[in-house]
Amino acid sequence: MKLILVATCMFGLEKLLGEEIDALGLKRLETMDGRVTFEGTETDIPRANINLRCAERVFVHMGAFPAHSFSELFDGVRSLPWEDWISRADAFPVKGHSIKSGLTSLPDCQSIVKKAVVERLKERYGISWFEETGAKYQIEFFIFKDMAHLMIDTSGVALHKRGYRPEAGAAPLRETLAAALVMTARPREDILFWDPFCGSGTIAIEAAMLVSGRAPGLGRSFAGEAFANIPGALWANARAEAQGRIRTDCKFEVYASDIDEDILDITYENALRAGVEEYINIFQADARQIKKEDRKGTVVCNPPYGERMGEREEIERLYQQLGGSFKALYPWQIYVLTSSDRFDRLYGQRADKVKKLYNGMLPCYLYEYFKPAEARSNGARTAKEIFDRKPDRRPEGRDRDRKPYGPRNDRADPPKKKL
Ligand SMILES: C[S@@+](CC[C@H](N)C(=O)[O-])C[C@H]1O[C@@H](n2cnc3c(N)ncnc32)[C@H](O)[C@@H]1O
């Protein structure tokens, strides 16, 4: 059956997610903040769940209609073919959100949607009471600019939970965001990949999984495995297809180091569970002292942010020191994710590119240094310049050079409500 599917992601990852959907040979239909809509069939639901590295969930899109009032919402939901998916014994809880729309009360929307689905199924099945003891079909509504979208979640537990990280350090990075950083850095087998602030090892593990061809969802289960429309054979085939893509001849090498020796046991356990420990060299080191080995390399890291009071000065000193030590690594490429919009100022080098991303609800910046130092012109913009709402009106030349990084107290915009 031809279906419309929706993959959701954290803000800022839509482009990478879209490219992943293309790579699965699926046709993209629409991209909006935090979601990419695409065409597929039942076969593609397991493929998308198992293979997409940046997606948080995969949904079946049941339909969309204008919903300015509760009665429009009720009628629209009742007109959708819920019986195509949900059988008489199945459970169908409802949740959702509403953005930039007249219908703002989520509990009311939730109970209207539930009632409308119940009415529809009552008519179809000729029963008046639903036990809801069977498979769970989580219904999600998303009302955006008065247009209601109704979906069924096929993932269950969010896809960033790969299953390899039951234990994490104090500030672990979401696996989907770590995968996005890795994909941005385009790791290659002939280039050493190093996370010198590895914590629980998420970036290193995602890099090893990507280069060795290991799909992120191979070690876990999905809600859709209980769906009657997606027979077990489709899941088994998708797993076999993903298993077949794991490379056994891969020579990729990853260094994962951290100043905190205690966390390295967790890093190792996680790498082991992910099945990529053979690629990762885990050791204790101070990132300020890492040395360029006689080879090509890429550093991708997520140093401490210092969000708590009192830590800020210490963290800013660390960023300054990194500027000194990482400079010696050129022409290695350096990718740093931090919530500081002053990182490049403290580091002492304008980034070639700065991307705004979100670590959960925390806005953060990915500073990308990929050009050789001599090729880096003053034309590259700072995070402050890139995300300033107003155009930069400072004159070209000396003034701009004297204060290239903008005022200290310019903070990032608060995150938008998740779409
Ligand atoms: C934000 S956490 C990294 C989280 C990691 N990406 C993960 O997913 O678990 C920062 C890490 O930097 C480490 N760290 C702090 N200062 C360091 C230094 N000078 N050198 C190396 N590691 C350091 C901390 O021990 C902590 O594990």
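This is a walk through the predicted model shown above, from the overall chain to its ligand site and a few local details.

Let's start with the whole chain. Its fold is built from twelve helices and 14 strands. Of the 419 residues, 54% count as buried. If you look at contacts between residues with a separation of 6 or more, 77% of them come from residues 24 or more positions apart. On the outside, the chain exposes about 19000 Å², and carbon and sulfur atoms supply 50% of that area.

With that overview in mind, turn to the ligand. The shell around the ligand holds 21 residues, and those that come nearest are Ser-200, Thr-202, Asp-258, Ala-287 and Asn-302. Sorted by class, the shell has twelve nonpolar, four polar and five charged residues. Some of these neighbors can be followed down to individual atoms. A polar side-chain atom of Ser-200 sits 2.6 Å from an oxygen atom of the ligand. For Thr-202, an N or O atom in the side chain is 2.6 Å from an oxygen atom of the ligand. At Asn-302, the ligand partner is a nitrogen atom, placed 2.9 Å from an N or O atom of the side chain. As for cover, the ligand on its own has 610 Å² of accessible area, and the protein covers 88% of it.

Next, pick out helix α2, which spans residues 44-51. How many of its residues are buried? The count is eight of eight, so the helix is mostly covered by the definition of buried as under 20% relative accessible area. The buried set includes charged and polar names as well as nonpolar ones: Asp-44, Arg-47, Asn-49 and Asn-51 are in it, and so are Ile-45, Pro-46, Ala-48 and Ile-50. What provides the cover? Among the elements packed over these buried residues are strands β1 (3-8), β3 (35-40) and β4 (57-66), together with helices α1 (14-23) and α7 (232-244).

Follow the chain out of α2 and you reach Cys-54, in the loop between α2 and β4. Cys-54 is buried, at 0% relative accessibility. Its contacts beyond the immediate sequence neighborhood are Thr-8, Cys-9, Leu-13, Leu-16, Leu-17, Glu-20, Thr-176, Ala-180 and Met-183. One of these partners, Leu-13, is 41 residues away in sequence, yet the two C-alpha atoms are 6.8 Å apart.

Seeing Cys-9 in that list, you may wonder about a bond between the two cysteines. A disulfide is a covalent bond between the sulfur atoms of two cysteines. Why does Cys-54 not form one? The closest cysteine sulfur, that of Cys-9, is 7.4 Å from the sulfur of Cys-54, which is too far for a bond because the cut-off is 2.5 Å. A search of the whole structure agrees, finding zero disulfides. Another cysteine, Cys-364, is also buried, with a relative accessible area of 0%.

A second buried loop residue to visit is Phe-92, found between α3 (70-78) and β5 (94-99). Its relative accessible area is 0%. Leaving aside residues up to four places away in sequence, Phe-92 touches Ile-86, Lys-114, Val-117, Val-118, Leu-121, Phe-130, Glu-132, Tyr-137 and Ile-139. The C-alpha atoms of Phe-92 and Ile-139 are separated by 6.3 Å, although their positions lie 47 residues apart along the chain.

Glu-132, one of those partners of Phe-92, leads us to the backbone. Glu-132 lies in the loop between α4 (106-125) and β6 (139-144). Its phi is near 55 degrees, a positive value in a residue other than glycine. With a relative accessible area of 27%, Glu-132 is partly exposed. Arg-186 also has a positive phi, near 45 degrees. Its place is the loop between α5 (175-185) and β8 (192-195). Is Arg-186 buried or exposed? At 64% relative accessibility, Arg-186 counts as exposed.

A last backbone detail is at Pro-331, in the loop between α9 (312-327) and β12 (333-338). The peptide bond that joins Tyr-330 to Pro-331 is cis, and its omega is near 10 degrees.

Note on methods. Residues numbered from 1 in each chain as written. Predicted model: local features only at pLDDT ≥ 70, side-chain atom pairs only at ≥ 80, totals over all residues. Heavy atoms only, no water. Buried < 20%, exposed > 50% of the residue type's maximum accessible area, 1.4 Å probe, protein only. Near = heavy atom within 4 Å. Polar contact = N/O pair within 3.5 Å; in protein donor to acceptor, adjacent residues only side chain to side chain. Areas by Shrake-Rupley, 256 points an atom, 1.4 Å probe, with all protein chains shown as cover. Helix = DSSP H or I, 4+ residues; strand = E, 2+ residues; numbered from the N terminus. Contact = heavy atoms within 4.5 Å.
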